[in-house]
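These are my notes from looking through a structure that is new to me. I wanted to see which residues line its pockets, and then to look at one residue by itself.

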Amino acid sequence: MRRSLSIALFLLCALGALAPAALASRTQSTTLDGPRDLLDANARPKALDDAASLGVKSLRIVLTWQGVAPDATSRVKPKFDATDPAAYDWSRYDALVDAAQQRGWKVLMTPSGPVPRWATNGAKDSVTRPSPNEFRMFVQAAATHFNAKVDTWSIWNEPNQPQFLAPQYSARHNPLSPRIYRNLFFAAVRGLRNAGQGAKPVLIGETSPRGTGKVVPPLTFLRGALCLDGSYRRSKTCAAVPASGYAHHAYTTGQGPTFHPPQPNDVTIGVLSRLTSALSRAKKAGATNTTLPIWLTEFGIESTPDPLRGVSLQKQSEYRSISERISYDNPRIVSFNQYLLRDDQPKAGVPKVLRYPGFETGLFTSAGKAKPSFDGFRLPLVAWRRGGKISLWGFVRPAGGATKATVETSSNGGRTWRTLGTYTTDARGYVTRTLSDAKSRQWRLTWTSPGGTVYHGSATRAYKR
């Protein structure tokens, strides 16, 4: 009885303390990237329905050059008009793009390597020094084929990674990939213009978050691609890049979204200010025509069963939501991504430590079971602890506009839930509240759809900001 009375008193005090907080003044879109399911004809219908139920209205699709080009394994280029869409096999992508269009969803497409072997100027692999001229013709063919079905183009997936572009460094360890990529980017822009798609937004970058001895750090790569030195002074021989935005993959580690990498040229979700600062300095130097907005075109939190990188399933959902709020709070971020829908398939017959070489960032396990992050993605909720207060931020993603959302609280580990209050969101579906702190407490967001279905978000604990 005493505990029930304490809970009731807390709820009354909290309700009295609730007051709407200031919301961000701009919108942020969400894209989904799930090639394993979306590009599979058998898995696609369910994957699209699942995505729709989550409120997704935009897809990112990586268009692999090698996967559609003729005689891709040949060292000798076949005789064909490389600007003619009919010369390529687009079948793996057409059904997905058409399905997105039928649903009224937007498509962000990333033409990328690996490339046909004949496009590497004689290299023995499919990533070394791709021919800019061949890439120009490929992009022209792709833009002609997909035409108005693609809303935004983004050039090359993770060009600072050696498995997608090589060489990354010279023998003296000077970065080489930034200049190779710059030439590919300008070639792609010419291809888009030749196809009559020059007015479409085009993104530069698509960089991975951290550098190594084999991977060029993202800010080092950015400066090289924009012809900037270490002090952000532009080479007088380099023109400004005609980009509409900068694409980045701000993955973090198991330490969570607030992790700060010690290498100053790395950019994880917790240090996005490094990227915004770099792009501001690039504009000031004349390397870009405008201060570029940022598109987080690939992001996810690794979960168990990966024994090396995976966090618990509850932490995955909490960390993912916190990352989305960090992105929301940054006015330079215009798009946030979820990668994947379903975890990559593990390897069989190997030790557990080697069983998960792919990504366990999905909202479903590899076997198709929904994780807590599935509900957490539909109705993300973040609880920041600040002093003696809890700052709540939530989002009803499927609503597509103003709606009513209920905040519930649990003091016994989620076994039972009590209503804290029901509130009207802003015009985009976001809700924020500040309430008195309570330790060892969990929160979740609940929403009733127009059709009457009641959805519960995943449980979240408070984190110190």
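I began with the second largest pocket of this predicted model, which is lined by 14 residues, and I noted that Gln28, Ser29, Thr30, Lys57 and Phe395 lie nearest its centre. I then looked up the volume of the second largest pocket, which is about 360 Å³. Sorting its lining by class, I found three nonpolar, seven polar and four charged residues.

I turned next to the largest pocket, for which the volume is about 1,000 Å³. There are 39 residues that line the largest pocket, and the closest to its centre are Glu158, Tyr251, Glu298, Tyr339 and Phe359. I also asked which elements give two or more residues to this lining, and they are α2 (35–38), β2 (58–64) and α5 (91–102). Of the elements, β2 gives the most to the lining of the largest pocket, with four residues. By class, I wrote down 17 nonpolar, 14 polar and eight charged residues for the lining of the largest pocket.

My last entry is on Gln161, which I found in the loop between β4 (152–154) and α7 (177–194). Is Gln161 buried or exposed? Its relative accessible area is 15%, and because buried means under 20%, I entered Gln161 as buried. Leaving aside residues up to four places away in sequence, I noted that Gln161 touches Gln168, Ser208 and Val215.

Terms used
Residues are numbered from 1 along each chain as its sequence is written. This is a predicted model: local features need pLDDT of at least 70, side-chain atom pairs count only at pLDDT 80 or more; totals for chains, interfaces and linings use all residues. Side-chain values use heavy atoms; hydrogens and water are left out. On a 1 Å grid over the protein atoms alone, a cavity is a set of points where a 1.4 Å probe fits but cannot get out, and a pocket is an open set with protein on both sides within 12 Å along at least five of seven lines; lining residues have an atom within 4 Å of a point. Grid points are joined across faces, edges and corners, and a volume is the space filled by probe spheres set on the points. Ala, Val, Leu, Ile, Met, Phe, Trp, Tyr, Cys and Pro count as nonpolar, Asp, Glu, Lys and Arg as charged, and the others, Gly among them, as polar. Buried means under 20% relative accessible area, exposed over 50%, partly exposed in between (1.4 Å probe, protein chains only). Contact means heavy atoms within 4.5 Å.
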